[in-house]
Amino acid sequence: MDVGWKAAPAPAAAGETPAATGTPEPLETTVYVTRTGKRFHRGNCGYLKSKISLSRANALLNGYTPCKICNP
Ligand SMILES: [Zn+2]
């Protein structure tokens, strides 16, 4: 028996992408760490003995915690 009937392929969904979310994240702020410490600081903090700059997000990812003095 020949079933002479084929369902038409459904058209692919239109490529509707939502607009980019414009939430400003402050994680790209540059902070500074020292070579030995586990805290990150603002650039003008007096506790900074050596300055290694990285983004705040990276500092958090690497286990650094914000300095309690300069509160970056
Ligand atoms: Zn500090």
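Two strands are said to pair if DSSP finds at least two bridges between them. With that in mind, good morning, and let us turn to the sheet of this structure. The model is a predicted one. Its four strands form an open sheet in the order E3-E1-E2-E4, and the pairing in that sheet is mixed. E3 and E4 are the edge strands, each pairing on one side only.

Allow me to step back to the chain as a whole. The chain contains one helix and four strands, and along the sequence these elements follow the pattern β-β-β-α-β. Of the 72 residues in the chain, 12% are buried. Among the contacts with a separation of 6 or more, 53% are between residues 24 or more positions apart.

A word on confidence is in order. The mean pLDDT of the chain is 84, and 76% of the residues reach 70 or more. Among the elements, strand E4, residues 65–66, has the highest mean value, 97, while helix H1, residues 56–61, has the lowest, 95. As a general caution, where pLDDT is low, the predicted coordinates should not be read in detail.

I now come to strand E1. To which strand is E1 joined by four bridges? The partner is E3, residues 52–55, and the two strands run antiparallel. Within this pairing, valine 31 has leucine 54 of E3 as its bridge partner, and tyrosine 32 stands opposite serine 53 of E3. E1 also pairs with E2, again in the antiparallel sense, over two bridges. Here tyrosine 32 stands opposite histidine 41 of E2. Tyrosine 32 therefore has a residue opposite it in E3 and another in E2, given that strand pairing is defined by bridges. The connection from E1 to E2 is a hairpin through five residues.

In that loop between E1 and E2, the latter spanning 39–41, we find arginine 35. Is arginine 35 buried or exposed? Arginine 35 is exposed, because 8 other C-beta atoms lie within 10 Å, and a residue with 12 or fewer counts as exposed. Setting aside neighbours within four places in sequence, arginine 35 is in contact with Ser50 and Ile52. Its C-alpha atom is also separated by 7.8 Å from that of lysine 51, a residue 16 positions away along the chain.

Let us move to the core. In soluble globular proteins, nonpolar side chains tend to be buried together. Which residues make up the largest nonpolar core of this chain? There are seven: Val31, Tyr32, Val33, Phe40, Ala59, Tyr64 and Cys67. Strand E1, residues 30–33, gives the most to this core, with three residues. One core member, valine 31, deserves a closer look. Beyond the residues up to four places away in sequence, valine 31 touches Phe40, His41, Arg42, Leu54, Arg56, Ala59 and Pro72.

Two further residues complete the tour. Leucine 60 is located in helix H1. With 15 C-beta neighbours inside 10 Å, leucine 60 counts as partly exposed, because a residue must have 20 or more to be buried and 12 or fewer to be exposed. From C-alpha to C-alpha, leucine 60 and arginine 39 are 9.5 Å apart in space, and 21 residues apart in sequence.

The final residue is asparagine 71, in the segment after E4. Its phi angle is near 50 degrees, a positive value in a residue other than glycine. Asparagine 71 is exposed, since 9 other C-beta atoms lie within 10 Å.

To close, I would ask you to retain two points. The sheet is open, with the strand order E3-E1-E2-E4. Strand E1 gives the most residues to the largest nonpolar core. Thank you for your attention.

Key
Residues are numbered from 1 along each chain as its sequence is written. This is a predicted model: local features need pLDDT of at least 70, side-chain atom pairs count only at pLDDT 80 or more; totals for chains, interfaces and linings use all residues. A nonpolar core is a set of buried Ala, Val, Leu, Ile, Met, Phe, Trp, Tyr and Cys residues joined through C-beta atoms within 7 Å. Two residues are in contact if their C-beta atoms, placed from the backbone, lie within 7 Å. pLDDT is the predictor's confidence in each residue, from 0 to 100.
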